[in-house]
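Biologist: I am new to this structure. Please take me through one part of it in detail, strand by strand and contact by contact.

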Amino acid sequence: MTLRRFTVTMNRKKLIIEPGGGLGNRILALVSAFNLARDCNISNIEVLWRNNNECGCEFEDVLESLPLPCKVRGIHFGKESYKRLVTSGRLLSAIRKFVHQKIYNLFRWSVRSIQLPTAEGRNTPEYWGELKRRVIDNKANKFYIEAYYSFYGDVSCEGFKFNKDIESHITRFKEQNGNYIAMHIRRTDNEIAIKNSPTELFYENVARIVNDKPDTKIYIATDDLDILDDMKKKWPDNIIYTKVDSISRRSTEGIKFALYEMLILAGARTIYASYGSTFSQIANLIGGNEMIVVKK
């Protein structure tokens, strides 16, 4: 018997993805990067995770694992300004921040030639083909992507495993509250959500839901505590919420709470979402539930 010898050609290409923006935006960018890696048969993936004022946490604070094996490298410059560090006598910290920032800037300069161009709003099959050809046909063995949006393939959160402690809190929440509805009322600096999803429409929906079924529980996730307090007074037997001391996305606890509320939204039978909310979109993808965008 003659044994055939098969030669397996390994794909030596490497994909570096640096997701930006808040937690929801980062998940969207990561999903696209993994979709592209699968289609291009890339197994060497590196995730650069920035702990900054947009998402003030380390990777492990919110995520246990990702859909594909990859190396995660944390990037942290510190959230305080140079002026504050120097005036408070922390000169060494200011120097360390400066050095880390310069090293990062050098890295960004070095990857200019291998950066894949992506664009928000161009997530179409035609664009997918263009990106895939750029990767497969290019002789370069390394590619870099920075994005805060979906840019390749269908969006799915399958394979994402979140912080186990937070998942445990969600399990207890569901056991205590049973079947519930959730509303994500995005206010403060989000002008698009405020303009297209006026606060009064959320009030109208709560009133209608409670009138139809008086024992309905409605979880309110909002960055406007005045709205939450007012709804609690108007519907004390229906409104459920989670009280926290900090909801700033600059802090680790703030981002952990954001994930907690995202998973609560995911567990609701219906999400009433603010217009243009990535946060609600990701929650809907995780939970596979009904989502109604509240808009005028």
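Modeller: What follows is a close look at one sheet and its surroundings. The model is predicted: local features need pLDDT of at least 70, side-chain atom pairs count only at pLDDT 80 or more, and totals for chains, interfaces and linings use all residues. Residues are numbered from 1 along each chain as its sequence is written, and side-chain values use heavy atoms, with hydrogens and water left out.

Start with the sheet. It is open and has 5 strands, in the order β9-β8-β7-β10-β11, with parallel pairing. Strands here are DSSP runs of E with at least two residues, helices are runs of H or I with at least four, and both are numbered from the N terminus. Two strands pair if DSSP finds at least two bridges between them. β9 (239–240) and β11 stand at the edges with a single partner strand each, so one side of each has no neighbour in the sheet.

Now move inward. Strand β7 (residues 181–185) runs parallel to strand β10 (residues 270–274), and 3 bridges join them. M183 of β7 stands opposite Y272 in β10. Helix α10 (residues 252–267) packs on this sheet and touches β7, β8 (218–222) and β10. Its direction makes about 145° with that of β8. Such angles run from 0 to 180 degrees between N-to-C directions, and axes are lines fitted to C-alpha atoms, for helices over the stretch in contact.

β10 is largely enclosed by the rest of the structure, because 5 of its 5 residues are buried. Buried means under 20% relative accessible area, exposed means over 50%, and partly exposed lies in between (1.4 Å probe, protein chains only). T270, Y272 and S274 point one way from β10. I271 and A273 point the other way.

Next comes the edge. β10 pairs with β11 in the parallel sense over 5 bridges. T270 has E290 as its bridge partner in β11. Strand β11 (residues 290–294) also holds V294. V294 counts as buried because its relative accessibility is 4%. V294 and H184 are 110 residues apart in sequence, yet their C-alpha atoms are 9.6 Å apart in space. Contact means heavy atoms within 4.5 Å. Leaving aside neighbours within four places in sequence, V294 is in contact with N196, S197, L201, F202, N205, Y272, A273 and Y275.

F202, one of those contacts of V294, leads to a helix pair. Helix α8 (residues 199–212) packs with helix α9 (residues 225–234) at an angle of about 25°, with their axes 12 Å apart. That makes α8 roughly parallel to α9. Angles under 35 degrees count as roughly parallel, over 145 as roughly antiparallel, 65 to 115 as roughly perpendicular and the rest as oblique. On the α8 side, the contact is made by T199, F202, Y203 and V206. On the α9 side, it is made by I227, D230, M231 and K234. These residues divide into 5 nonpolar, 1 polar and 2 charged. Ala, Val, Leu, Ile, Met, Phe, Trp, Tyr, Cys and Pro count as nonpolar, Asp, Glu, Lys and Arg as charged, and the others, Gly among them, as polar.
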